[in-house]
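Please look over the sequence and the structure below before reading on. The paragraphs that follow begin with one helix, go on to single residues, and then turn to the chain as a whole.

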Amino acid sequence: MLGSAFVRPAIPVAPNLSIFDPVFIGVDEFGKPVYVTMMYRNKLIGGEPGAGKSSLLSNYLAHAALSADCRLCLIDGKQVELGLWEQVADVFVGPDQKHAIRTLLRVQQVMDNRYAYLRQHRRRKITRDDAFSAILIVIDEIAYFSATVGSKTEQDMFSALLRDLVARGRAVGIIVLAATQRPSSDIIPTSLRDLFAWRFCGRTSNDSSSDIVLGHGWASKGYTANSLDPTNQGSGLLIAEGGTPKLVKAAYLTDDDVIHLADYAAYIRRPQHALAA
């Protein structure tokens with residue numbers, strides 16, 4: 001439930017962060033800090049260009065990069081949105097549809113192998129004590145790979161792989177964080193949207209786009225990203241499984257902040273540093 005995210009938890013600082021720790025993403029409309037769970041929870045971010053999706057992405061990525069028990073898989077058609085984190089990623093995919101598909105296929109194989117392990121040991125999910133690292137797949141922009149580049153066959157394959165990873169990955173530590181500036185039904189069909197446990201919608205140009213991200217019917221109840229102030233970048237409506245949309249302002253990280261965090265994350269991930277610690 002979303003309400004539990006508003007209780008300030010005890011969170012360690014880097015280099016002792018874990019992907020199992022709650023992630024600070026910003027403040028609510030009353031100025032209270034907002035924390036969300038990353039592990040076992042896929043996340044969808046939508047909103048028009050300039051709505052502030054990058055701010056929220058940066059908060060999630062900073063926590064994951066500083067967590068030694070998380071590996072990063074970054075897929076970015078524009079290259080520059082996630083490019084500042086490239087040095088801490090196991091794989092970085094630019095505007096290359098075939099590379100994106102190969103990457104998702106590799107992660108799918110890892111997922112299947114982990115499920116085989118759990119089945120053999122009569123378990124349902126991995127835990128903090130397991131040797132497996134979580135894998136965070138970050139995709140910015142979904143529409144680029146699912147509807148813009150490549151053949152129709154490649155677009156469909158990308159969408160099918162993404163859906164499978166979102167549907168089956170979380171119990172084995174594979175988390176998907178996906179963003180789009182085209183929140184339309186052809187990019188985010190209901191069957192895919194509802195698989196995301198947490199959904200954040202920055203400003204949209206109409207109520208229907210807001211509902212595509214948050215869920216059908218919320219706009220008619222007064223929860224619509226169309227009413228957000230377009231000059232208040234980083235603000236949006238956040239909803240969790242079974243919850244009610246809450247107004248949240250994402251914490252802002254400058255490019256310099258991101259570069260410093262990425263450099264430090266790369267440092268603490270060095271094998272020699274891990275051995276020294």
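In this predicted model, a good place to begin is helix 3, where the buried residues are Gln97, Ala100, Ile101, Thr103, Leu104, Val107, Gln108, Met111, Arg114 and Leu118. The helix that carries them runs over residues 97-120 and has 24 residues, and the distance from its first C-alpha to its last is 35 Å, close to the 34 Å expected at 1.5 Å a residue. The buried residues of helix 3 pack against both kinds of element: the strands are strand 4 (70-76), strand 5 (91-93), strand 6 (134-140) and strand 7 (174-180), while the helices are helix 4 (142-148) and helix 5 (152-168).

Following the chain into the loop between helix 3 and strand 6, the reader comes to Arg122, a residue that has a positive phi of about 55 degrees although it is not a glycine. Arg122 counts as exposed because its relative accessibility is 79%, and exposed means over 50%.

Another residue with a positive phi is Tyr40, which is not a glycine either and has a value of about 65 degrees. Tyr40 also belongs to a loop, here the one between strand 2 (33-36) and strand 3 (43-46). With a relative accessibility of 15%, however, Tyr40 counts as buried, since that term covers values under 20%.

A further buried residue is Ser210, for which the relative accessibility is 0%. Ser210 has its place in helix 7, which covers residues 207-214. If residues up to four places away in sequence are not counted, Ser210 touches Cys201, Thr204, Gly215, Tyr223, Thr224 and Ala225.

Turning to the whole, the protein chain has nine helices and ten strands, and its C-alpha trace spans about 55 × 45 × 40 Å along the principal axes. How does the radius of gyration of the protein chain agree with that of a compact globule? For 277 residues such a globule would have a value near 19 Å, and the 18 Å of the protein chain agrees with this.

Buried residues make up 52% of the 277 residues, and among contacts with a separation of 6 or more, 67% are accounted for by residues 24 or more positions apart. The accessible surface of the protein chain comes to about 12,800 Å², and carbon and sulfur atoms hold 51% of it. As for charge, the protein chain has 30 positive and 28 negative charges, and the mean positions of these two groups are 8 Å apart.

Conventions: Residues are numbered from 1 along each chain as its sequence is written. This is a predicted model: local features need pLDDT of at least 70, side-chain atom pairs count only at pLDDT 80 or more; totals for chains, interfaces and linings use all residues. Side-chain values use heavy atoms; hydrogens and water are left out. Helices (H or I, at least four residues) and strands (E, at least two) are DSSP runs, numbered from the N terminus. The radius of gyration is taken over C-alpha atoms; the globule rule is 2.2 Å times the number of residues to the power 0.38. Buried means under 20% relative accessible area, exposed over 50%, partly exposed in between (1.4 Å probe, protein chains only). Contact means heavy atoms within 4.5 Å. Accessible areas come from the Shrake-Rupley method with a 1.4 Å probe; for residues, only the protein chains shown count as cover. Lys and Arg count as positive and Asp and Glu as negative; His and the chain ends are not counted. The place of a charge is taken as NZ of Lys, CZ of Arg, CG of Asp or CD of Glu. The expected span of a helix is 1.5 Å times one less than its number of residues.
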